[in-house]
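Work through the exercises below with the structure open. Each task is followed by a solution in steps.

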Amino acid sequence: TALHATPLEAPAAARGARRVGVQCGPFRRFAIWTLALSLPLILGLCAVLAPLEAIDVLLVTLFALNTLWVAAAAVTALMGARDEEAAAARDRAPTHWHPKDRAAVLYLICGEDPWEVAERIAAMATDLDRAGLGDVTDIWLLSDTPEDKLDAEKVALATLTQRGAVRYRRRADNSRRKPGNLADWIETHGTHYETMLVMDADSTMTAARLRDLRYRMACAPGLGLLQSGIALRPAETRFGRLQRLSTRLTGPVFGRGLAAWSGSAGNYWGHNALIRVGAFRAVMHLPALSGPAPYGGDFLSHDFIEAAWLVRAGWAVEIAPDTRGSSEEAPGDLRSFHRRDRRWCQGNLQHLRAIAAPGLSAVSRLHLALGIQSYLSSPIWLTIILLFLLAGMAPGAVPVLSGALALLLVPKVAALARFWQRTRLRGRRRVFLRATGAELLLSTLVSPLVMVRQSLAVASVVAGQDSGWKRPGKRAPVALPPGTVEAAVGLALVLIVLLWGETAGQALWLTLICGPLLAAPWLVPWLDTRPE
């Protein structure tokens with residue numbers, strides 16, 4: 001069964017709505033440079049494989065899709081490499097500015113550890129009072145927690161609710177999950193607030209950061225949603241630290257580049273975003289997709305769709321890439337990462353049915369397309385590898401593939417260039433170089449593991465398997481040791497090249513990919529443990 005595009009009619013509020021202008025200059029530069037980086041590699045592969053046979057046409061098509069995606073990431077990082085401290089300073093609220101309207105900070109939870117959430121709420125309430133924002137800001141906890149965990153949640157929040165630090169509300173009917181929870185609050189209490197800061201259970205934001213976001217929205221009446229950049233908090237395991245290191249190194253250039261070419265048709269990541277309540281009210285009831293999950297039902301990755309619907313309704317959606325004062329937690333081990341990634345995979349593939357919806361901005365469609373391709377790229381790379389192993393790799397294909405892989409290094413080079421602009425201290429530069437080298441090595445080892453798991457995730461969606469929402473995964477009849485699946489795929493690739501391989505180039509590429517896969521039974525436990 002294939003996912004198919006289903007037209008979704010524009011809501012009445014969107015038809016004929018005022019269109020907020022997109023910054024076409026940066027977007028055009030983004031598109032032109034993406035094509036400029038991609039076309040030589042695509043044409044080079046065509047020249048190497050000429051005359052093209054049926055299998056070559058398939059290979060070039062798949063290679064073109066992934067090359068465009070990698071080039072888009074490279075161009076985004078290059079656009080964000082410029083030091084934008086002056087621009088960030090312009091978005092900061094003046095020292096004596098105080099908001100006049102009321103804002104709600106909404107923590108939406110569903111069975112998470114209530115004591116950790118209570119600790120974050122208490123810290124934010126104290127910070128708001130210290131910053132002088134307590135009189136114009138209310139904190140809400142909107143719960144969809146199941147009955148068996150409800151008593152613990154009430155106990156954890158008792159002190160906060162008694163002293164008025166948080167307003168607690170739990171729905172009796174948790175239909176439509178998080179979007180339904182938020183829509184229910186807007187219908188009941190939204191008229192009392194101009195803006196709302198949407199937070200997940202693991203989100204944090206300082207009062208100073210919230211103040212800056214509120215100032216920027218107060219200065220732009222047409223701004224419907226302002227997505228803050230998000231940093232990762234320190235982790236304990238090696239894998240968690242690798243995620244944080246990668247985000248700290250390349251996150252700033254990606255965030256600034258994305259904000260640059262998105263303009264006023266930016267994206268929404270589901271939390272750590274300030275939203276104008278009146279704007280969101282018009283788009284909060286998203287249409288359900290026809291048919292059963294995983295193809296139909298409610299959108300799992302509803303945030304991308306909500307951003308696209310806001311832009312279609314004439315509101316601006318912008319990204320404030322600065323991550324200072326805004327953070328979340330990352331999965332601490334590969335198993336948790338893959339479980340969350342499987343849900344995101346299904347949610348992004350559902351966007352295939354919304355990408356052709358009438359009235360969407362071209363930039364919004366591109367956000368959806370990039371999210372879809374971020375998951376399709378793994379099975380595409382795996383298919384390209386298999387085609388080269390089975391059909392033989394022409395000598396001229398090695399430079400072309402090397403060029404495509406070199407594009408993956410552009411974000412790291414862009415991050416290095418940005419850091420070089422910001423500091424002249426040799427000691428700090430040496431530390432940054434060591435960190436970049438360590439991140440490059442570890443990410444090279446982890447990438448084949450993620451490729452295999454994402455390929456399996458896409459295959460399971462195509463096969464009609466629903467991941468659900470925070471649903472415990474089905475237990476396998478036999479619990480396999482960590483890394484077994486990855487090692488089996490690596491062994492299969494080795495057998496293919498031994499039986500059908502013809503060139504030394506195949507062995508070279510096989511080493512880069514199969515080495516980490518074969519080492520997965522040792523690599524995965526090492527990544528999931530806490531360093532001494």
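**Exercise 1. Aromatic pairs**

Task: State how many aromatic pairs this predicted model holds, and classify the pair formed by Phe239 and Phe337.

Solution. The count comes to 8 aromatic pairs. For Phe239 and Phe337, begin with the distance: the ring centres are 5.4 Å apart. Next take the angle between the planes, which is 75 degrees. Planes over 60 degrees apart count as edge-to-face, so this pair is edge-to-face. Then place the two residues: Phe239 belongs to helix H8 (residues 238-262) and Phe337 to helix H11, with their positions 98 residues apart, and the pair links distant parts of the chain. Both Phe239 and Phe337 are buried. Elsewhere, ring pairs join Phe27, Phe30 and Trp261 into a cluster.

**Exercise 2. Helix H11**

Task: Compare the span of H11 with the expected one, and find the residue that caps its N-terminal end.

Solution. H11 covers residues 334-350, which is 17 residues. From its first C-alpha to its last it reaches 24 Å, close to the 24 Å expected at 1.5 Å a residue. Of the 17 residues, 13 are buried, so H11 is largely enclosed by the rest of the structure. At the N-terminal end the cap is Asp333, with a side-chain oxygen 3.1 Å from the backbone nitrogen of Arg335.

**Exercise 3. Lys178 and Ser203**

Task: Decide whether Lys178 is buried or exposed, do the same for Ser203, and list the polar contacts given for their side chains.

Solution. Start with Lys178, in helix H6 (residues 177-189). Its relative accessible area is 15%; buried means under 20%, so Lys178 is buried. A polar atom of the Lys178 side chain lies 2.6 Å from the backbone oxygen of Gly270. Beyond four places in sequence, the contacts of Lys178 include Asp144, Asp200, His271 and His302.

Now take Ser203, in the loop between strand S4 (195-200) and strand S5 (204-205). With a relative accessible area of 0%, Ser203 is buried. Its side chain makes a polar contact of 3.4 Å with the side chain of His271 and one of 2.9 Å with the side chain of Asn272. Among the other residues in contact with Ser203 are Tyr107, Arg120 and Ser327. His271 appears in the contacts of Lys178 and in those of Ser203.

**Exercise 4. Backbone geometry**

Task: Locate the cis peptide bonds before Pro51 and Pro294, then examine phi at Arg176 and Arg177.

Solution. The bond from Ala50 to Pro51 is cis, with omega near -5 degrees, and Pro51 sits in the loop between H1 and helix H2 (54-79). The bond joining Ala293 and Pro294 is cis, with omega about 10 degrees; Pro294 is in the loop between helix H9 (277-281) and helix H10 (302-312). Phi is positive at Arg176, near 60 degrees, and at Arg177, near 50 degrees. Arg176 is in the loop between strand S3 (167-170) and H6, whereas Arg177 is in helix H6. Arg176 is partly exposed at 26% relative accessibility, and Arg177 is partly exposed at 28%.

**Exercise 5. Confidence**

Task: Find where pLDDT stays under 50.

Solution. The chain averages a pLDDT of 90, and 91% of the residues score at least 70. Over residues 14-18 pLDDT stays under 50. Where pLDDT is low, the predicted coordinates should not be read in detail.

Note on methods: Residues are numbered from 1 along each chain as its sequence is written. This is a predicted model: local features need pLDDT of at least 70, side-chain atom pairs count only at pLDDT 80 or more; totals for chains, interfaces and linings use all residues. Side-chain values use heavy atoms; hydrogens and water are left out. Helices (H or I, at least four residues) and strands (E, at least two) are DSSP runs, numbered from the N terminus. The expected span of a helix is 1.5 Å times one less than its number of residues. Buried means under 20% relative accessible area, exposed over 50%, partly exposed in between (1.4 Å probe, protein chains only). A polar contact is a pair of N or O atoms within 3.5 Å; within protein, one must be able to donate a hydrogen and the other to accept it, and residues adjacent in sequence count only if both atoms are side-chain atoms. Contact means heavy atoms within 4.5 Å. Rings of Phe, Tyr and Trp (its six-membered ring) pair if their centres lie within 6.5 Å; planes under 30 degrees apart count as stacked, over 60 as edge-to-face and the rest as tilted. pLDDT is the predictor's confidence in each residue, from 0 to 100.
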